[in-house]
Amino acid sequence: MKIYSKNNQVDKSDLTKLLEFMTNCKGDYVVEVKKLRDNRTNNQNRLMWDIYKQVSDQTGYETDEVHAMCGQKFLLDESKKVPFVKSTAKLNTLEFSKYIDRIVRFFSVDCGFTVYLPEDYKRSENNLK
């Protein structure tokens with residue numbers, strides 16, 4: 001069950017449903033409150049594929065292969081009976097930023113590849129002026 005607050009308001013009928021649900025539950029349960037975050041942005045997604053392209057150019061692997069390898073390495077969820085790779089499309093903006101940080105660090109530090117980020121492009125443009 002999910003209850004959303006919008007503009008610091010919660011629908012009272014949702015709270016009533018939650019209370020009814022909790023009183024009818026057998027066993028122990030946890031109610032968790034977390035900040036609602038939007039899914040990844042288009043800019044984040046473009047950056048990810050740009051990084052994959054840079055790695056592809058340096059390794060010869062296809063970008064889809066780089067994407068699959070990164071998913072297996074950084075998004076593997078083994079909490080269920082059958083492990084699965086979480087989809088980047090399901091990540092919120094914060095999770096996606098952390099994912100980007102991890103793949104950049106992996107390819108640039110651990111693998112020694114050159115990975116350019118938007119800030120690097122801006123710096124090089126400024127140096128040309």
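# A tour that starts at Phe-106

Select Phe-106 first: this residue sits in helix H4. You are looking at a predicted model, so keep that in mind at every stop. Is Phe-106 buried or exposed? Its relative accessible area is 14%, and buried means under 20%, so Phe-106 counts as buried.

Now show the neighbours of Phe-106. Leaving out residues up to four places away in sequence, Phe-106 touches Met-69, Lys-73, Phe-74 and Cys-111. Next, click on Thr-93 and draw a distance line between the two C-alpha atoms. Phe-106 and Thr-93 are 13 residues apart in sequence and 20 Å apart in space.

**Next stop: Ser-108**

Stay in helix H4, which covers residues 93-110, and pick Ser-108. Here the relative accessible area is 27%, so Ser-108 is partly exposed. Which residues does Ser-108 touch, once those up to four places away in sequence are set aside? They are Phe-113 and Val-115. For another distance line, go from Ser-108 to Cys-70: these two are 38 residues apart along the chain, and their C-alpha atoms are separated by 14 Å.

**Over to a loop**

Select Glu-78, in the loop between strand E3 (76-77) and strand E4 (84-85). With a relative accessible area of 58%, Glu-78 is exposed. Then add Tyr-4 to the selection. Glu-78 and Tyr-4 are 74 residues apart in sequence, and the gap from C-alpha to C-alpha is 28 Å.

**Along helix H2**

Now colour residues 42-59, which make up helix H2. How far does H2 reach from its first C-alpha to its last? The answer is 26 Å for its 18 residues, close to the 26 Å expected at 1.5 Å a residue.

Turn on the side chains of H2 and look for the buried ones. Among them are Leu-47, Met-48, Ile-51 and Val-55. The buried set also includes Gln-44, Asn-45, Tyr-52, Gln-54 and Ser-56. Then step just past the end of H2 to Gly-60, where phi is positive, at about 90°.

**Zoom out**

Clear your selections and show the whole chain as a cartoon. You should find five helices and four strands. Starting at the N terminus, follow them in the order β-β-α-α-α-β-β-α-α. The radius of gyration is 21 Å, well over the 14 Å that the globule rule gives for 129 residues, so the chain is more spread out than a compact globule. Rotate the C-alpha trace and you can look along its principal axes, where it spans about 65 × 40 × 20 Å.

Switch to a surface view. The protein chain exposes about 10400 Å², with carbon and sulfur atoms supplying 49% of that. How much of the chain is buried? Of its 129 residues, 22% count as buried.

Try colouring by charge too. There are 22 positive and 19 negative side chains, and the centres of the two sets lie 5 Å apart.

Finally, turn on contacts. Take those with a separation of 6 or more: residues 24 or more positions apart account for 57% of them.

Terms used. Residues are numbered from 1 along each chain as its sequence is written. This is a predicted model: local features need pLDDT of at least 70, side-chain atom pairs count only at pLDDT 80 or more; totals for chains, interfaces and linings use all residues. Side-chain values use heavy atoms; hydrogens and water are left out. Helices (H or I, at least four residues) and strands (E, at least two) are DSSP runs, numbered from the N terminus. The radius of gyration is taken over C-alpha atoms; the globule rule is 2.2 Å times the number of residues to the power 0.38. Buried means under 20% relative accessible area, exposed over 50%, partly exposed in between (1.4 Å probe, protein chains only). Contact means heavy atoms within 4.5 Å. Accessible areas come from the Shrake-Rupley method with a 1.4 Å probe; for residues, only the protein chains shown count as cover. Lys and Arg count as positive and Asp and Glu as negative; His and the chain ends are not counted. The place of a charge is taken as NZ of Lys, CZ of Arg, CG of Asp or CD of Glu. The expected span of a helix is 1.5 Å times one less than its number of residues.
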